[in-house]
Amino acid sequence: MQTKKIESLLLSVPQMDDDHTALITQEDEFSTAVAADAPRAELFVRLTQLIEAFRYHFDCEESMMRSNRFKSWKRHAQEHLTLIEQMSWLRDDLAAGTVNQCGAMVLCMRDWTEQHIIGADKRFACYLHEGPVANGIFSIVG
Ligand SMILES: [Fe+2]
Ligand SMILES: [Fe+2]
């Protein structure tokens with residue numbers, strides 16, 4: 001991915017930014033393998049690794065939300081679950097040899113990832129930047 005594009009997805013939360021950059025890079029590599037007509041077995045392995053990387057990131061992010069008392073974490077986690085389901089369906093189709101629009105599905109997956117980062121993830125990042133007092137989690141006792 002172009003550096004400029006990655007920069008537009010940064011949220012100034014180092015752990016999230018590092019994970020997102022690594023995930024998008026991995027998505028790009030998968031996309032390149034699809035475009036190069038890589039063998040189905042290779043695509044299956046790459047997609048399995050991608051799903052595991054996303055799962056790990058989502059677990060970390062949801063843990064951060066809970067420990068920071070982010071009220072909308074369940075709705076956010078539902079978006080995570082939807083992406084994992086979509087990627088798992090694609091992997092099932094790859095395994096069964098029934099997928100015939102892999103390239104289009106990869107583009108959808110990539111688009112969803114970017115929309116999630118600049119939408120739900122950005123809302124959580126803003127919450128973190130505003131701090132617990134601004135979010136009514138702790139009150140200031142004078
Ligand atoms: Fe997220
Ligand atoms: Fe994220």
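Helix pairs whose angle is over 145 degrees count as roughly antiparallel, and that cut-off will be handy in the views below. Please keep in mind throughout that this is a predicted model.

**View 1. The whole protein, built from 5 helices and 0 strands.** Let us start with the overall picture. Following the sequence from its beginning, the pattern reads α-α-α-α-α. The protein has 142 residues, of which 13% count as buried. If we take the contacts between residues at least 6 apart in sequence, 69% of them link residues at least 24 apart.

**View 2. Helix H3 beside helix H4.** Here the axes of H3 and H4 lie 10 Å apart, and the angle of packing is about 170°. Angles over 145 degrees count as roughly antiparallel, so H3 and H4 are roughly antiparallel to each other. The contact of H3 with H4 is made up of 16 nonpolar, 4 polar and 5 charged residues.

**View 3. Helix H2 beside helix H3.** H2 covers residues 14-35 and H3 covers residues 40-67; the two pack at an angle of about 165°, their axes 10 Å apart. H2 and H3 are therefore roughly antiparallel to each other, and their crossing is left-handed. From H2, the residues that make the contact are Gln15, Met16, Asp19, Leu23, Gln26, Glu27, Glu29, Phe30, Ala33 and Val34. From H3, they are Glu42, Leu43, Arg46, Leu47, Leu50, Ala53, Phe54, His57, Cys60 and Glu61. Sorted by class, the contact of H2 with H3 holds 11 nonpolar, 3 polar and 6 charged residues.

**View 4. The largest nonpolar core, with 10 residues in all.** Come inside for this one. The members of this core are Phe30, Val34, Leu43, Leu47, Phe54, Met87, Leu90, Leu94, Cys102 and Val106. Two or more residues come from each of H2, H3, helix H4 (73-96) and helix H5 (102-134). Phe54, one of the core residues, touches Leu23, Leu83, Ile84 and Met87 once its neighbours within four places in sequence are left aside.

**View 5. Leu47, a buried residue of helix H3.** How many C-beta neighbours does Leu47 have inside 10 Å? There are 22, and Leu47 therefore counts as buried. Apart from its neighbours within four places in sequence, Leu47 is in contact with Phe30, Met87, Leu90, Arg91 and Leu94. Look for Gln26 as well: 21 residues separate it from Leu47 in sequence, and their C-alpha atoms are 9.3 Å apart.

**View 6. The loop between H2 and H3, with Asp37.** Asp37 is a residue other than glycine with a positive phi, near 55°. Is Asp37 buried or exposed? With 10 C-beta neighbours inside 10 Å, Asp37 counts as exposed.

**View 7. The loop between H3 and H4, with Arg69.** Here, too, is a positive phi in a residue other than glycine: Arg69 has a value near 55°. Arg69 counts as partly exposed, because it has 13 C-beta neighbours inside 10 Å.

**View 8. Leu107 of helix H5, with Ser31.** Leu107 and Ser31 are 76 residues apart along the chain, and 7.9 Å separates their C-alpha atoms. Because 13 C-beta neighbours fall inside 10 Å, Leu107 counts as partly exposed.

**View 9. Glu7 of helix H1, with Thr21.** We finish at helix H1, which takes in residues 3-7 and includes Glu7. Glu7 has 10 C-beta neighbours inside 10 Å, so it counts as exposed. Where Glu7 and Thr21 are shown together, their C-alpha atoms are separated by 9.2 Å, with their positions 14 residues apart along the chain.

Key:
Residues are numbered from 1 along each chain as its sequence is written. Chains are lettered from A and ligands numbered from 1 in the order in which they are written. This is a predicted model: local features need pLDDT of at least 70, side-chain atom pairs count only at pLDDT 80 or more; totals for chains, interfaces and linings use all residues. Axes are lines fitted to C-alpha atoms, for helices over the stretch in contact, and angles run from 0 to 180 degrees between N-to-C directions. Helices (H or I, at least four residues) and strands (E, at least two) are DSSP runs, numbered from the N terminus. Angles under 35 degrees count as roughly parallel, over 145 as roughly antiparallel, 65 to 115 as roughly perpendicular and the rest as oblique. A crossing is left-handed if the near helix is turned anticlockwise from the far one by less than a right angle, and right-handed if clockwise. Two residues are in contact if their C-beta atoms, placed from the backbone, lie within 7 Å. Ala, Val, Leu, Ile, Met, Phe, Trp, Tyr, Cys and Pro count as nonpolar, Asp, Glu, Lys and Arg as charged, and the others, Gly among them, as polar. A residue is buried if 20 or more other C-beta atoms lie within 10 Å of its own, exposed if 12 or fewer, and partly exposed in between; C-beta atoms are placed from the backbone. A nonpolar core is a set of buried Ala, Val, Leu, Ile, Met, Phe, Trp, Tyr and Cys residues joined through C-beta atoms within 7 Å.
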